[in-house]
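Biologist: I'm new to this one, so could you take me through a single part up close? Pick a loop and then a strand, and tell me what surrounds them.

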Amino acid sequence: MRSTRIAVSAAVLGALALPLVSATAANAAPQTAAVAYGQCDKVGSYEVHTAAVTIRSQASSKSTALGVLYKGHTFSVHKTTEDGSWVYITDKKTGVKGWVSGTYVYPTVYTCLPD
């Protein structure tokens with residue numbers, strides 16, 4: 001009786017663990033899929049990924065607010081902080097220059113994959 005319970009328990013635990021193991025293996029991306037080649041490895045324009053982000057005078061959330069960069073505005077990127085946490089931009093619609101949080105502004109990246 002006890003050996004039957006152990007066998008049934010082992011079978012149930014094995015059946016429950018199988019989908020977890022399979023899901024992890026199935027979701028893992030092949031390492032070669034993100035390799036970029038030549039001219040396709042370029043950074044495109046930046047985009048605002050929130051409703052709006054404040055343009056600041058310095059790369060700090062405590063610095064003076066100069067304006068607001070709304071989603072859909074086009075803007076030029078001049079430089080970023082070393083860690084990418086702040087981006088120095090010019091809003092093409094208003095002409096305002098300043099720093100915006102890199103948390104809400106992302107570059108469009110193009111990557112070509114081998115055939």
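Modeller: Here is a short overview, followed by a close look at one loop residue and one strand residue. This is a predicted model, where local features need pLDDT of at least 70, side-chain atom pairs count only at pLDDT 80 or more, and totals for chains, interfaces and linings use all residues. Residues are numbered from 1 along each chain as its sequence is written, and side-chain values use heavy atoms, with hydrogens and water left out.

The protein has one helix and seven strands, and from the N terminus the order is α-β-β-β-β-β-β-β. Helices here are DSSP runs of H or I with at least four residues, strands are runs of E with at least two, and numbering starts at the N terminus. Out of 115 residues, 17% count as buried; that word means under 20% relative accessible area, while exposed means over 50% and partly exposed is in between, using a 1.4 Å probe and protein chains only. Take contacts with a separation of 6 or more: 46% of those in the protein join residues 24 or more positions apart, a contact being heavy atoms within 4.5 Å.

Now for the loop. Ser 63 sits between β2 (52-56) and β3 (65-70). With a relative accessible area of 11%, Ser 63 is buried. Its side chain reaches two backbone oxygens: that of Ser 60 at 2.8 Å and that of Gln 58 at 3.1 Å. Leaving out residues up to four places away in sequence, Ser 63 touches Arg 56, Ser 57 and Gln 58. So Gln 58 turns up both as a neighbour that Ser 63 touches and as the owner of a backbone oxygen that the serine side chain reaches, with Ser 63 itself buried at 11%.

On to the strand. Val 77 belongs to β4, residues 75-80. Val 77 is partly exposed, at 28% relative accessible area. Again setting aside residues up to four places away in sequence, Val 77 touches Tyr 46, Val 87, Tyr 88 and Ile 89. For Ile 89, which is 12 residues from Val 77 along the chain, the C-alpha atoms of the two are 4.5 Å apart.

Tyr 88 has another partner too: Lys 79 lies over the face of its ring, 5.7 Å from the ring centre. To count as over a ring, NZ of Lys or CZ of Arg must be within 6 Å of the ring centre and within 35 degrees of the ring normal.

Conventions. A polar contact is a pair of N or O atoms within 3.5 Å; within protein, one must be able to donate a hydrogen and the other to accept it, and residues adjacent in sequence count only if both atoms are side-chain atoms.
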